[in-house]
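Biologist: Could you take a close look at one part of this model for me, the place where two helices of one chain pack together? After that, walk me through whatever else stands out around it.

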Amino acid sequence: MAITRRELITTIAKAGGTAAVAVTVGTETLQAETETTRIPSAAVGLLYDATICIGCKACVSACSEANDTPPDTRADGLHQAPSDLNDLTRNIIKLYKSPDGSQVSFVKRQCMHCLDPACAAGCPFQALHKDPESGIVFWYGNRCIGCRYCSITCPYHVPRFQWVGFDPVVTKCELCSKRLEKGLKPGCTSACPTGAVIFGPRPVLLMEAKRRIKENPGRYYKDKVYGETDNGGTQSLYLAKVPFDDLGLPELGEESVPAKTLRWQRRFYQYFAIPAVLYAGLVQVIRSNLTGYEEEAREREKQTGLRAQL
Amino acid sequence: MASSEKPERTIQSHLEAAGVSRRDFLRLCSVIVATAPAGLALTKAGSAAEVASKIGKARRPSVIWLHFQDCTGCTETLLRTSAPDAAHLILDIISLDYHETLMAASGAQAETALRQAMDDNAGKYVLVVEGAIPTRDDGVYMELAGRPAVQVVKEVASKAAAVIAIGSCASWGGVPSADPNPTGAVGADTVISGKPIVNLPGCPPNPYTLLAVVLEYATMNRLPELDELRRPIFAYERVIHENCPRRAHFDAGRFAYAFGDEGHRQGWCLYKLGCKGPATRASCSTRHFNEIPGVWPIGIGAPCLGCTEKNVVWRMSTVETVPIHLATPPDEYPPIYSGTGSIKAGAALLVGAIAGAVGGASWVAAQRFRSSEEAGAERIAVDRAHLEKEAEAAKREAREWKKEEAAAAKEEAVEWKRED
Amino acid sequence: MNAITTSQFKAENRWERAVPVFGFPVVTHFFLFQLALALVAFVLTGYRELAGLGPVSGMTDAFGWGIWKTFNVMVLTALGSGAFAVGIAAWVFKREKLHALMRMALLTSFLAYACGLALLAIDVSRPWNFYWILFPWQWNMHSPLAEVAICMSVYAMIPLAIENLPPLLERLWYFDSRLRPGVEKIEKKLHSVFPYVIALAYLLPGMHQSSLGALMLLAGERVHPLWQTPFLPLLYIWAACFMSFGCVAGTTMLCCMVWKRAMDMEVLDEAARITCGLIYGWSALRLLDIAFREQFGTAFHFDRFAGVFWLEMLLILGGGYLLQRSLRTHEKDKMFLGYVLSTLGGMIYRFSPTTLAFRPNPQALYFPATIEVLVSLGFIALGIAGFLVAVKRFAILPAPLYEWHDMASYFRFRRPYIRWTGYFKYGFFGEDEKIENNSH
């Protein structure tokens with residue numbers, strides 16, 4: 001029985017349309033819950049003030065020590081001189097100089113512990129997982145397959161992969177969780193001599209940042225705390241006097257990267273409703289086409305005397 | 001310098017009797033505070049005056065100083081202070097009851113003096129050992145009054161309250177223990193057991209370190225905190241590299257590469273010349289020698305030899321660079337974005353070759369399509385014709401074979417009939 | 001020379017049956033060269049497993065994905081979407097003529113997916129943790145990469161493999177009469193589940209080919225705006241459709257030319273028509289989308305991104321144009337070139353967002369290392385070698401009916417000692433087979 005294109009489309013539309021619409025509408029209300037970024041109950045983070053930082057790099061040494069990582073001396077064999085975050089460097093101080101040399105600022109780069117992390121959204125088996133209480137994004141080696149998707153999806157390019165050896169790991173700041181368990185502060189904040197980077201609960205840090213902005217008008221770029229709502233909110237907050245984009249912190253808007261880019265993907269696969277509907281439709285169509293095809297094949301078999309090739 | 005007086009008076013009263021000015025004494029105490037700003041109970045109070053009052057209340061500690069395989073440099077370092085009164089002052093504070101270099105006696109008198117000092121202060125004196133102790137061949141390579149050094153040191157230590165091994169030789173063997181170590185020279189702590197021992201390695205070590213340790217013992221009745229090699233932590237915790245005045249040059253990558261070159265003249269870092277600072281624990285980089293700032297090896301442009309460390313000095317070549325165990329960031333900053341990646345020639349050639357091969361093959365194939373359009377159909381026809389011919393031949397063969405089979409079967413049937 | 005030759009439209013040139021390629025040995029210089037490349041790739045893979053990714057590839061922190069994931073997985077599986085695209089055209093949209101190409105499509109798809117999955121396994125650096133695929137609660141269904149990995153593995157191992165069974169079973173049926181009852185039982189079972197398997201074989205590629213596009217959505221601004229669009233999944237799967245048509249039809253044309261088979265222009269015209277339509281539709285969508293996002297100006301900057309963009313569009317549209325011309329004038333060379341160009345353009349398109357159009361930071365550059373290229377090439381060579389063997393041992397390449405009979409004669413007369421190619425026992429003008437057919 002030949003099925004025309006029109007019949008095919010109407011079949012799928014009838015059989016699946018109502019269901020699909022219902023599911024999509026239903027998911028809109030459900031999606032609303034998953035799409036607004038949830039702030040963890042005991043969210044902790046860092047507040048880095050680039051106007052106080054003197055670029056001493058004590059935090060870089062302290063980070064290596066706190067995480068039991070050997071210092072990265074691959075550049076010249078003598079100094080711990082990584083040029084960027086890498087598999088031995090979870091925290092780095094970079095220097096920004098404006099093209100005309102008038103503006104200078106240090107910036108401390110480490111994991112931003114986003115409220116809706118793109119790395120965790122992309123990780124196939126949830127090897128990168130945001131702790132629901134502290135909000136720290138941890139890497140679990142027993143689930144990581146080493147696909148490096150996290151280093152591509154992270155808008156701040158934080159997770160770094162180990163490029164040598166047969167057992168590579170993904171390295172990034174985890175807010176010295178082992179020290180936190182002992183009641184200590186993270187290595188970088190403990191070593192900072194000027195208090196440029198401080199540790200605390202996120203609401204407290206936000207309050208502190210806003211207080212500094214209020215008490216120092218004109219000191220901070222656009223009176224803005226980077227990370228309050230950027231990329232859906234991050235737990236590492238930044239204050240600076242030069243544009244954040246120049247420091248390597250891109251302008252991402254208020255929606256997190258996963259929410260912004262994967263919206264339709266998430267809706268399409270919600271509960272596998274739409275794929276299931278498509279599958280049912282396809283089975284119907286193919287079954288009806290298959291019978292016609294088989295009949296023709298049998299006829300040809302009789303004509304030529306050769307076994308049918310299905 | 002041995003005094004037959006029993007040191008019962010306090011240091012304060014003794015100094016007063018000796019006519020030492022309070023200013024000189026306070027000056028010495030401030031040097032002690034500078035020597036050990038942390039790590040000593042004595043200097044925990046902080047100010048020189050407080051230290052002075054603590055020292056003043058204590059009794060003059062009795063010190064017996066033995067020499068073994070030494071060069072007497074450690075004694076000289078105690079005496080060669082640039083302010084001569086300081087040396088006298090030191091010797092007024094401690095009661096040096098036996099010292100072969102400094103005492104007037106010799107021979108049998110010296111023997112008696114030692115015996116006397118030991119008996120008078122038994123269990124209370126501090127034994128300072130200078131020089132290594134030979135142990136090979138029952139210790140015959142150094143004898144004191146006919147007795148092997150090993151025996152002497154054990155005997156004198158047996159009645160001491162504490163032992164201070166001053167200098168690298170006494171701490172771990174020093175120069176005499178360099179390869180091939182013919183005399184079996186070892187440090188004091190190898191030979192002495194059962195007594196608290198403090199090692200003060202160095203060649204020579206800072207005299208104020210010795211003074212601080214002795215005074216800590218005298219005033220607080222305890223020895224300072226020691227590390228696993230029995231060195232006081234307040235003086236031997238950090239490596240030279242950590243506090244070196246030339247560290248900024250190291251961090252900035254400014255090195256002297258040959259003696260007398262531009263970098264050397266500018267006072268740049270001596271790491272590339274073989275400075276053992278990064279591997280040597282000592283206090284020389286903060287406390288220079290002879291109380292004159294800048295008078296210390298690196299300060300005058302001579303790379304550190306690592307004289308306190310057993311595994312460094314006389315084991316490593318002087319020009320050999322030592323690995324940095326705790327690397328720290330340099331005096332440079334990475335930019336916000338750093339460039340990575342480059343195009344390797346070999347890979348580029350390979351990719352180009354593949355692209356060229358694919359393109360070329362496609363073009364050639366397309367051409368053959370064009371030319372084979374005409375030829376193809378005929379070729380098929382030709383092949384078919386040939387095969388058809390062969391098929392006909394086969395059919396004929398099969399028919400003939402069938403005929404033969406039939407004939408043969410008939411004959412067989414006839415034969416069978418015949419047999420029946 | 002370019003005139004229509006009537007022989008092309010003779011009834012005897014119609015593709016009625018898939019026939020194994022006979023008369024050409026499997027072991028040729030070309031085949032051995034492919035095996036040598038594959039061997040080199042195996043050795044280098046061993047080195048890669050021990051040494052890590054840094055020494056064997058040009059991948060760095062900036063470019064975390066080299067050419068293995070982006071070329072062998074993203075591009076080659078697009079070429080291998082023939083089972084999906086040609087299949088949907090044949091089974092769902094009832095393009096009867098395309099059934100002749102189905103076996104070729106299935107074989108090329110299987111080999112392309114095998115190559116892609118092999119390289120996915122090699123590229124992934126902690127493969128021992130892949131067992132989590134068996135625990136659905138640990139899957140991150142928000143992740144496009146999870147969807148790709150799981151879907152692709154399931155697809156290649158189940159529906160695609162099952163769809164590739166018929167030629168195998170057919171050969172077994174001809175090979176030994178003792179196997180026939182078993183073979184027929186399996187075939188009956190297959191037929192009963194065919195609709196479900198085929199439907200799955202169309203659903204799953206639809207899902208993961210579009211998810212391959214969704215992968216780079218998460219990279220956001222780092223993909224150049226000429227490529228980055230919310231329509232990326234749709235554009236990817238659409239490109240997979242016309243690329244795979246090009247791959248299947250082009251490969252079939254090439255095989256027919258090399259092994260001197262007749263080409264059925266009706267089927268090829270049908271395929272070309274569909275491909276043309278797909279190409280024009282895709283190009284329209286892409287250009288409209290760029291215009292809508294007001295990014296068309298960037299196509300006129302003098303940088304490498306604009307260069308790649310124009311290269312892609314020229315190749316794809318040029319290919320489409322050539323295909324259209326060849327429909328009118330029936331020139332096989334134009335048709336073939338049209339397929340090649342449009343497929344190449346599609347390959348570059350699918351490859352760009354991860355490498356050519358990816359700008360993680362203004363300074364970073366990526367170029368594959370020699371070992372990386374050799375491994376990629378070696379596994380492709382393995383696929384080609386597999387194809388050569390399969391096409392000569394199984395009935396895959398379509399041909400007119402007389403080819404079957406010629407094959408039977410060939411084996412009967414030229415190589416009667418090859419007993420294990422059971423094809424030769426039957427098909428001698430169909431006489432004996434008729435007898436066998438009456439038995440069931």
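Modeller: I'll start with the helix pair, then move on to the chain contact, a sheet and a few backbone oddities. Keep in mind that this is a predicted model.

The pair is helix 9 (residues 232–258) and helix 12 (residues 332–351), both of chain C. Their axes sit 8 Å apart and make an angle of about 145°, and the crossing of helix 9 of chain C with helix 12 of chain C is left-handed. On the helix 9 side of chain C, the residues that meet helix 12 include Tyr236(C), Ala239(C), Phe242(C), Met243(C), Gly246(C), Cys247(C), Gly250(C) and Met253(C). Across from them, helix 12 of chain C brings in, among others, Phe336(C), Tyr339(C), Val340(C), Ser342(C), Thr343(C), Gly346(C), Met347(C) and Arg350(C). Sorted by class, this contact between helix 9 and helix 12 of chain C has 12 nonpolar, 5 polar and 2 charged residues.

Chain C also touches chain A: 60 residues of chain C are in contact with 58 residues of chain A. On the chain C side, the elements giving two or more residues include strand 1 (17–18), helix 1 (29–51), helix 3 (82–92), helix 5 (144–157) and helix 8 (180–215). Helix 8 of chain C supplies the largest share, with 10 residues. By class, the chain C side splits into 38 nonpolar, 13 polar and 9 charged residues.

Over in chain A, there's an open sheet of 3 strands in the order 8-1-9, with mixed pairing. Strand 8 (197–201) and strand 9 (236–239) of chain A are its edges, each pairing on one side only. On average, neighbouring strands of this sheet are turned by 20° against each other, direction ignored. Strand 1 (residues 44–49) of chain A runs antiparallel to strand 8 of chain A, and 5 bridges join the two. To pick out one partner, Leu46(A) is bridged to Phe199(A) in strand 8 of chain A.

How far to trust chain A? Its mean pLDDT is 88, and 88% of its residues reach 70 or more. The stretch to be wary of is residues 26–35 of chain A, where the pLDDT is below 50. Beyond near neighbours in sequence, that stretch has 5 contacts in the model.

Now the backbone. Most residues other than glycine have a negative phi, and most peptide bonds are trans. Asp68(A) goes the other way, with a positive phi of about 55° although it is not a glycine. Asp68(A) lies in the loop between helix 2 (58–66) and strand 2 (92–97) of chain A, and it is exposed, with 7 other C-beta atoms within 10 Å. Chain B has an aspartate of this kind too: Asp137(B) has a positive phi near 55°. Asp137(B) is in the loop between strand 4 (133–134) and strand 5 (143–144) of chain B, and with 11 C-beta neighbours inside 10 Å it counts as exposed.

Chain B has cis peptide bonds to point out as well. The bond from Asp179(B) to Pro180(B) is cis, with omega near 0°, and Pro180(B) sits in the loop between helix 8 (167–172) and strand 8 (185–186) of chain B. The bond from Cys203(B) to Pro204(B) is also cis, with omega near -5°. Pro204(B) belongs to the loop between strand 9 (197–200) and helix 10 (207–220) of chain B.

Note on methods. Residues are numbered from 1 along each chain as its sequence is written. Chains are lettered from A and ligands numbered from 1 in the order in which they are written. This is a predicted model: local features need pLDDT of at least 70, side-chain atom pairs count only at pLDDT 80 or more; totals for chains, interfaces and linings use all residues. Two strands pair if DSSP finds at least two bridges between them. Helices (H or I, at least four residues) and strands (E, at least two) are DSSP runs, numbered from the N terminus. Axes are lines fitted to C-alpha atoms, for helices over the stretch in contact, and angles run from 0 to 180 degrees between N-to-C directions. A crossing is left-handed if the near helix is turned anticlockwise from the far one by less than a right angle, and right-handed if clockwise. Two residues are in contact if their C-beta atoms, placed from the backbone, lie within 7 Å. Ala, Val, Leu, Ile, Met, Phe, Trp, Tyr, Cys and Pro count as nonpolar, Asp, Glu, Lys and Arg as charged, and the others, Gly among them, as polar. pLDDT is the predictor's confidence in each residue, from 0 to 100. A residue is buried if 20 or more other C-beta atoms lie within 10 Å of its own, exposed if 12 or fewer, and partly exposed in between; C-beta atoms are placed from the backbone.
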